[in-house]
Each structure stands twice: as structure tokens, then as C-alpha cells.
Amino acid sequence: MTRAAQDQIVKLMETYFEGLHQADSALLRQVFHPRLAYVCATEAEELYLDLETYMARVDARVPPAQRGDPRDEHILDIRFGSPRIAWVTAKMSMMGRSYLDHMTLVPHEGALRIVTKVFTYVPRED
């Protein structure tokens, strides 16, 4: 894919990370597709949510920034299947956990948006 397409996804991921760190559902809505499938694949907490249910959870939490959680996030991989589909693997830490996210992006209103977020977590090792 082009450098511009790669840069678009990096910018989307910066918004994603900031939205999670600030617990800002308005920012997160900029990166999520309205038909988001949010899936927690952790053995102890299998969970399937839609966008509105997930955004309500984000709105109800104390922002990691307010809790003093350090920023620790990385894009591990960006892959393109075509101009209309991409996959991102990322890791981050917040709320005492280390997360591994696998996301699928498809177009919505002229830009790629996260349509699936499948993730797992483990307790954070300090």
C-alpha cells in the first residue's frame, strides 16, 4: 500500500490510543465503524459488545490519564489486503493490564475505520 495509506492508519491509531488513555468516547467514535464488533478473548472474561455498549463502558470509567497510568502503546503490525481492508496489531497497557489488540479496518464515510476489535489481556508486569 502507499505511504499515505500507512500514515492514515498510524494517525487513526494515535487517536485510538489517546481516546483510550483519556476515556474519551468522542475521540474513539472517530476511529470506530458504527457497526463495531468488540470482542474480549480472555479466558476469564469472554465478552462481545457493540459500539454503543462499549462507548457506555468507556464513558463510565475513570480515565487512565486521570489515574496516572503511564502511556505504553505500540503498533506491532499494519497489513493491507486491498485499499478497502487492513489489519492492525497493537499492544498497550492501562488499568493494570497489558492488552494485545487485533483490529480489522474497512472504509466508512471515506476513511478506514475499525470494524472489529478482538483483544486479550494479562496483568501488567511492572
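This note goes through the aromatic rings, the nonpolar core, two backbone angles and one hairpin of a predicted model.

1. On the aromatic rings as a group: the predicted model holds 7 aromatic pairs. Ring pairs join Tyr16, Phe17, Phe32, Tyr38, Tyr54, Tyr99, Phe119 and Tyr121 into a cluster. A pair of aromatic rings is described by the distance of the centres and the angle of the planes, and the two pairs taken up below are given in those terms.

2. On tyrosine 16 and phenylalanine 17: the ring centres of these residues are 5.6 Å apart and the planes stand at 55°, so the pair is classed as tilted, given that the tilted class ends at 60 degrees, over which a pair counts as edge-to-face. Tyrosine 16 has a relative accessibility of 0% and therefore counts as buried, and phenylalanine 17, with a relative accessible area of 5%, is buried as well.

3. On tyrosine 99 and phenylalanine 119: this aromatic pair is also tilted, with 5.9 Å from centre to centre and 50° between the planes. The pair links distant parts of the chain, since tyrosine 99 belongs to strand E5 (residues 97-108) and phenylalanine 119 to strand E6 (residues 111-123), the two being 20 residues apart. Tyrosine 99 counts as buried because its relative accessibility is 9%, and phenylalanine 119 counts as buried because its value is 4%.

4. On charges placed over rings: the charged end of lysine 117 sits over the ring of phenylalanine 119, at 5.2 Å from the ring centre, so that phenylalanine 119 takes part both in this arrangement and in the pair with tyrosine 99. Arginine 97, in turn, lies over the face of tyrosine 121, 3.9 Å from the centre of that ring, and tyrosine 121 is itself one of the residues in the ring cluster.

5. On the nonpolar core: the largest such core has 32 residues, and the members with the most contacts inside it are Met13, Tyr16, Phe32, Tyr54, Leu105 and Ile114. At least two residues of this core come from each of H1, strand E1 (32-42), strand E2 (45-49), helix H3 (51-60), strand E4 (85-94), E5 and E6, and H1 gives the most, with 6 residues. Tyr16, Phe32 and Tyr54, named here for their contacts in the core, also appear in the ring cluster.

6. On isoleucine 114: leaving aside residues up to four places away in sequence, isoleucine 114 touches Leu12, Tyr16, Val31, Phe32, His33, Leu36, Met103, Thr104 and Leu105. Among these neighbours, Tyr16, Phe32 and Leu105 are also listed with the residues that have the most contacts inside the core.

7. On positive phi angles: most residues other than glycine have a negative phi. Alanine 23 nevertheless has a phi near 50°; this residue is found in the loop between helix H1 (3-22) and helix H2 (25-29) and counts as buried because its relative accessibility is 12%. Glutamate 109 likewise has a positive phi, near 50°, and lies in the loop between E5 and E6, but glutamate 109 counts as exposed because its relative accessibility is 74%.

8. On the hairpin: E1 and E2 form a hairpin with 2 residues between them, and the two strands pair in the antiparallel sense over 5 bridges. Tyrosine 38, one of the residues of the ring cluster, has leucine 49 of E2 as its bridge partner.

Notes
Residues are numbered from 1 along each chain as its sequence is written. This is a predicted model: local features need pLDDT of at least 70, side-chain atom pairs count only at pLDDT 80 or more; totals for chains, interfaces and linings use all residues. Side-chain values use heavy atoms; hydrogens and water are left out. Rings of Phe, Tyr and Trp (its six-membered ring) pair if their centres lie within 6.5 Å; planes under 30 degrees apart count as stacked, over 60 as edge-to-face and the rest as tilted. Buried means under 20% relative accessible area, exposed over 50%, partly exposed in between (1.4 Å probe, protein chains only). Helices (H or I, at least four residues) and strands (E, at least two) are DSSP runs, numbered from the N terminus. A charge sits over a ring if NZ of Lys or CZ of Arg is within 6 Å of the ring centre and within 35 degrees of the ring normal. A nonpolar core is a set of buried Ala, Val, Leu, Ile, Met, Phe, Trp, Tyr and Cys residues joined through side-chain atoms within 4.5 Å. Contact means heavy atoms within 4.5 Å. Two strands pair if DSSP finds at least two bridges between them.
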